[in-house]
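Me: I'm new to this one. Could you take a close look at the largest pocket for me, and at the strands around it?

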Amino acid sequence: MSNTLKGRTYRFNIINLLKPDSLYNHGMQPLMYSENDAANSGKGWQRVGKDICYYQNSLKKKQAGHFYTLTFSLQFDHDNDVVYFAHSYPYTYTDLCRYLSKLETDPQTRNRVKRKMLC
């Protein structure tokens, strides 16, 4: 999302979800990454949102049953920010490469790990 307004409450509704229950009903919050926070204070992904609810909506699936909706509200800290949302912390290819390099150099694991180019 871009062009945010500071202090204004936004309500998000994500529809067409399939699971009948979610960790969002048990305290989990969506993740948000603010380009402004990252540039100015080094903050990365953070859990955000209030009035979080995951529920069955009135949209019916082609098969039996209904779809579900995740809804939450939040206020942004900056005007004209660009923010990203995620269900879980992103795990990038760079993260994977760092982890594999760590395994290859660790004295306890390096004898059990070997990487090869597949193609």
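Reply: Here's a walk through the pocket, followed by the strands.

First, some ground rules: this is a predicted model, where local features need pLDDT of at least 70 and side-chain atom pairs count only at pLDDT 80 or more, while totals for chains, interfaces and linings use all residues. Residues are numbered from 1 along each chain as its sequence is written, and side-chain values use heavy atoms, leaving out hydrogens and water.

The largest pocket has a volume of about 190 Å³. A pocket here is an open set of points on a 1 Å grid over the protein atoms alone, where a 1.4 Å probe fits, with protein on both sides within 12 Å along at least five of seven lines. The volume is the space filled by probe spheres set on those points, which are joined across faces, edges and corners.

Lining residues have an atom within 4 Å of a point, and this pocket has 13 of them, with Leu-17, Tyr-24, Tyr-54, Leu-70 and His-87 nearest its centre. Strand 1, strand 5 and strand 6 (83-86) each give two or more residues to that lining; strands are DSSP runs of E, at least two residues, numbered from the N terminus.

Now for how those strands pair, which takes at least two DSSP bridges. Strands 1, 5 and 4 form an open antiparallel sheet in the order 1-5-4, with strand 1 (9-17) and strand 4 (50-60) at the edges. Strand 5 (residues 66-75) shares six bridges with strand 4. Strand 6 pairs antiparallel with strand 2 over four bridges, and its Ala-86 stands opposite Leu-31.
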